[in-house]
Amino acid sequence: MSHYVSQLRTKMDDHASQLSKTGWDEHKVWGNIYNGRDLEQSREYMAYTRPSRVKTICEVGFAGGHSTVAYMTANPDATIYSFDDFGKRELTQLAYDTLKKTKSNLYLQEGDSTVELPKFSAAHPNVYCDVISVDGAHHAHFPDVDLSNFKYLANYPNVVLIDDYHSKDWPAVYKGVANRMKEGSMKLRHVSASSIIFREKQKQWAIGEYTLLTVVVATMQLERLEGLREILEVTTHHPAVQHVVVLWNGEEMPTEVSQLERPPNKSARVTVVHRKVNSLNNRYDPLLPIHTGAVMVVDDDLVISEETIDCAFGAWKRDPSQLYSFGEGRSVTSSGYSYEPGGLPIGDDGTNFLLPRMIFHRKFMSVYFESHNRELRDYVDRQEAHCDDIAFASVVTKYTQKPMKHVLAPYEDMAKKGLGWKDNRIELRHECAKNIVALLDWTMPAVEVGQC
């Protein structure tokens, strides 16, 4: 790391020299990331941008380009997207033109970041940021809105670099972070302070990360469209939901479904994915456009609320290593499938499976789609009870060696006619339960009782 820091000092001095040659006093264009006196903040920012997994860096507040120099030094291959209001137009344009000569994958968008970030996200649905730097306007609503808009661009995992995080000197920045933490979309890793006072203010910054959720809803029946719209209304307006993926299983996708798609704008993005092969395994596909650590899978005939998401997501954040559900209890063993109206008692030794109102870490999707589970997935597609829920839960609990965990999140099952209304469904569930236990050589342990 000392090599990079040494490089940075040289490159920062060279950059400032280039600017000063055109008449800019470098002491007036220095920002808080570099001030000619210390490199404490730059050093820490570089440590987070250097890892090879960091492919995309997004920053609000380009100004004289000093922070960009730090990112370029730490990670020369990363693509950098910057946003700036061009408050010092000639300086910013000069700095950008200077850096662009040596970095083709540097992009700068002019304008009010609170307007430009949503526009950028809508125009670039495949761009997600591994590192996010918030160093734009420090007053009024700007930090709060920037931090809110950036969550729809955050990749997983992500790091958020927050300049001037100080309750007294920069209250608007401090409040913006506090609002994200209150709504459950962000957590702080730590706060760092410099040993110097710069421009009569304490130099301080924070390192955080967005903790967000993607909701996946599979559907294949237009009769359920109204219920699906109600799910979208709840999920897209939850502050911790980054993305809702609507999965249409069927040969042709109706226009009414495709029109549900929309970009983020003070609410989560909705993406409609069309799969011509009607398989409920599709909802666990790791190739779905998911950029969050947490994934919630719900049926299209559920009625959920903000409290549903708060409860399930809150439990997951405390321990992401387990598979959570707020569905009814069932029993899946080598003897078959057992249930009672209203569900088997949660906490009983015989209750080891929960209906699929699930929330889990996205890595479990890759586990389910590993090649050695191909025979299991093929069986699920052939078997008319569509036991994807049992198969997925069995694979995950075997992988983690931990049971499913029940959380008492509120919901209502509208029980509209669908796959679950086949006359011989219970008989088919008996058959698939026994076969899945045999295929995996695994019986799920008794469900644990969790808390919201």
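User: Before we start, what makes two strands count as a pair here?

Analyst: Two strands pair if DSSP finds at least two bridges between them. Keep in mind that this is a predicted model.

User: Then how do you know that strand 8 and strand 9 are a pair?

Analyst: Strand 8 (residues 213-219) and strand 9 (residues 241-249) share seven bridges, and the cut-off is at least two, so they count as paired. The pairing runs in the parallel sense. As one example of who faces whom, Ala218 stands opposite Leu247 in strand 9. Helix 9 (residues 225-236) packs on the sheet there, touching strand 8, strand 9 and strand 10.

User: What makes strand 10 and strand 20 edge strands?

Analyst: The open sheet has eight strands in the order 10-9-8-11-17-13-18-20, with mixed pairing. Strand 10 (269-275) and strand 20 (448-449) each have a single partner strand, so one side of each has no neighbour in the sheet.

User: Why is Arg429 called buried?

Analyst: Buried means under 20% relative accessible area. Arg429 comes in at 0%, so the label fits. You'll find Arg429 in helix 15 (residues 425-440), and among the residues it touches are Tyr337, Phe353 and Leu355.

User: What makes the meeting of Arg429 and Asp389 a polar contact?

Analyst: The cut-off for the N or O atoms is within 3.5 Å. The two side chains sit at 3.0 Å, so the distance fits.

User: Why is the Glu209 and Arg189 pair called a salt bridge?

Analyst: A salt bridge needs a side-chain nitrogen of Lys or Arg within 4 Å of a carboxyl oxygen of Asp or Glu. Here the N to O distance is 3.2 Å, so the pair qualifies. Glu209 is in strand 7 and Arg189 in strand 6, 20 residues apart.

User: Why do Glu209 and Arg189 get separate labels for exposure?

Analyst: Glu209 has 16%, and buried means under 20%, so Glu209 is buried. Arg189 has 38%, which falls between 20% and 50%, so Arg189 is partly exposed.

User: How do you know that Arg357 and Asp299 form a salt bridge?

Analyst: Their N to O distance is 3.0 Å, inside the 4 Å cut-off, so they do. Arg357 lies in the loop between strand 16 and strand 17, and Asp299 in the loop between strand 11 and strand 12, so the pair ties together parts 58 residues apart in sequence. Both Arg357 and Asp299 are buried.

Conventions
Residues are numbered from 1 along each chain as its sequence is written. This is a predicted model: local features need pLDDT of at least 70, side-chain atom pairs count only at pLDDT 80 or more; totals for chains, interfaces and linings use all residues. Side-chain values use heavy atoms; hydrogens and water are left out. Helices (H or I, at least four residues) and strands (E, at least two) are DSSP runs, numbered from the N terminus. Buried means under 20% relative accessible area, exposed over 50%, partly exposed in between (1.4 Å probe, protein chains only). A polar contact is a pair of N or O atoms within 3.5 Å; within protein, one must be able to donate a hydrogen and the other to accept it, and residues adjacent in sequence count only if both atoms are side-chain atoms. Contact means heavy atoms within 4.5 Å. Axes are lines fitted to C-alpha atoms, for helices over the stretch in contact, and angles run from 0 to 180 degrees between N-to-C directions. Lists of a residue's contacts leave out its neighbours within four places in sequence.
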